[in-house]
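Open the model in your viewer and keep the selection box ready. This tour goes stop by stop, saying what to select and what is there.

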Amino acid sequence: MKKLYDNTCNKTSKLFIRSYSTSFSYASKVLNKSVRPHVYNLYAFVRMADEIVDTFHDYPQNELLDQFEQDLRFAIQYRISANPILNAFQQTYHQFNFEENLVFSFIHSMRYDLEYLGCDTEEKLKKYVWGSANVVGLMCLKIFTKGNQADYEKLKDTAVSLGSAFQKVNFLRDLKDDLYVRKRNYFPILHSQKLNQSTKLKIIEDIEREFKLAYPGILKLPKSAKTSVYIAYQYYKRLLKKLKKSSVKKIKESRIRVSNKEKLWVIFESYIKLNCI
């Protein structure tokens, strides 16, 4: 009966993440079936923690995160949880030998969001991004390399760069909500200077540098994951290009998006480009 429960939890993770992220759904569909369920399990876990700190404002968020962490530790120790998302995640955690510090560095960054209003130094930003994004990229890499430690070590640095670039694009895209709803400011430069064309371009130049560092590693990924990660890479580069072209006023007042039509084009274009490399 545990197998039936585990399978049901895996389906729950898939439904959960597809309900919350259309962009993720587009990219994940081209993952090999051997890794796709585990990526769903990982991202459903990440998304659930995100929801606690980002949207449950009318509820006791600290207590909810405390309970979530307690249930997570139980799930990892006993390999079961009454929370379907955590039960699915612990299967993936054990199958691919995730390092405990990766998982709890992520929880630490989620807790940071409840205690602080962003990052006013580069050191704080680096530490926050490590826990909120880089470790997620490394856990994905654990899944993609299927336990091959040599392959994992070779691609670690590029996975970190890609996770960081993705996260900073999200910060810039979500600037309106972060600044005016959540009262958070993740960019240190914006603690001392206003967002204007000059500061926006400095932020974007940093992100473009990280995308450049990440690119060689994407091409070295196993076939089971390379296409999907490449699509995600191209999608975020498209989003960054739109942010670069958008006025500061527009970024402050709206959430810049990539349309569904553009997303389909990104997928088509990515297949063409990969076949030409």
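Select Phe45. In this predicted model, Phe45 touches Phe68, Leu72, Ile85, Leu86, Phe89, Val103, Phe106 and Ile107, leaving out residues up to four places away in sequence. Show those side chains together. Now add Phe211. Phe45 and Phe211 are the residues with the most contacts inside the largest nonpolar core, a set of 86 residues. Which helix gives the most to this core? Colour helix 7, residues 122–145: that helix supplies 12 residues. In soluble globular proteins, nonpolar side chains tend to be buried together.

**Helix 1**

Go to helix 1, residues 2–20, and pick Lys2 and Asp6. The two sit four residues apart, about one turn of the helix. They form a salt bridge, with the closest N and O atoms 2.7 Å apart. Which partner is buried and which is partly exposed? Asp6 has a relative accessible area of 13%, so Asp6 is buried. Lys2 has 32%, so Lys2 is partly exposed.

Stay in helix 1 and select Thr12. Thr12 counts as partly exposed because its relative accessibility is 29%. Beyond its neighbours within four places in sequence, Thr12 is in contact with Pro84 and Ile85. Ile85 is also one of the residues that Phe45 touches. Now draw a distance from Thr12 to Pro60. C-alpha to C-alpha, the gap is 25 Å, with the two positions 48 residues apart in sequence numbering.

**Salt bridges**

How many salt bridges does the structure hold? There are 24. Side chains of opposite charge can pair when their charged atoms come close.

Move to helix 3, residues 36–54, and select Glu51 and Arg47. Their side chains meet in a salt bridge of 2.9 Å, N to O. This pair lies four residues apart, about one turn of the helix. Glu51 is buried, because its relative accessible area is 7%. Arg47, at 27%, is partly exposed.

Next select Lys142 and Glu99. The salt bridge between their side chains is 3.5 Å, N to O. This pair links distant parts of the chain, 43 residues apart. Lys142 belongs to helix 7, while Glu99 sits in the loop between helix 5 and helix 6 (100–115). Buried or partly exposed: which word fits Lys142? Lys142 is at 8% relative accessibility, so it counts as buried. Glu99 is at 32%, so Glu99 counts as partly exposed.

Now select Asp54, Asp113, Asp178, Arg182 and Arg184 together. Salt bridges that share partners join these five residues into one network.

**Asp178 and its surroundings**

Keep Asp178 and hide the rest of the network. Asp178 is in helix 9, residues 175–180. With a relative accessible area of 5%, Asp178 is buried. What does Asp178 touch, apart from residues up to four places away in sequence? Its contacts are Phe171, Lys183, Arg184 and Tyr186.

Follow one of those contacts to Lys183, in the loop between helix 9 and helix 10 (189–192). Check its backbone: Lys183 is not a glycine, yet its phi is positive, about 60°.

**Helix 8**

Select Asn170 in helix 8, residues 149–173. Asn170 is buried, because its relative accessible area is 16% and the cut-off for buried is under 20%. Show Tyr236 as well. The side chains of Asn170 and Tyr236 make a polar contact at 3.2 Å.

**The loop after helix 4**

Last, centre on the loop between helix 4 (61–78) and helix 5 (84–95). Arg79 is found there. Its phi is positive, about 60°, although Arg79 is not a glycine.

Ile80 is in this loop too. Buried or partly exposed: which word fits Ile80? Ile80 counts as partly exposed, because its relative accessibility is 35%. Switch on the surface and add Phe74 and Tyr78. What do these two make with Ile80? Phe74, Tyr78 and Ile80 make a nonpolar surface patch of about 300 Å². The tour ends here.

Technical notes: Residues numbered from 1 in each chain as written. Predicted model: local features only at pLDDT ≥ 70, side-chain atom pairs only at ≥ 80, totals over all residues. Heavy atoms only, no water. Patch = residues over 30% accessible without salt bridge, like charges linked within 9 Å, V, L, I, M, F, W, Y side chains within 5 Å. Areas by Shrake-Rupley, 256 points an atom, 1.4 Å probe, with all protein chains shown as cover. Salt bridge = Lys/Arg side-chain N within 4 Å of Asp/Glu carboxyl O. Buried < 20%, exposed > 50% of the residue type's maximum accessible area, 1.4 Å probe, protein only. Contact = heavy atoms within 4.5 Å. Core = buried A, V, L, I, M, F, W, Y, C linked by side-chain atoms within 4.5 Å. Polar contact = N/O pair within 3.5 Å; in protein donor to acceptor, adjacent residues only side chain to side chain.
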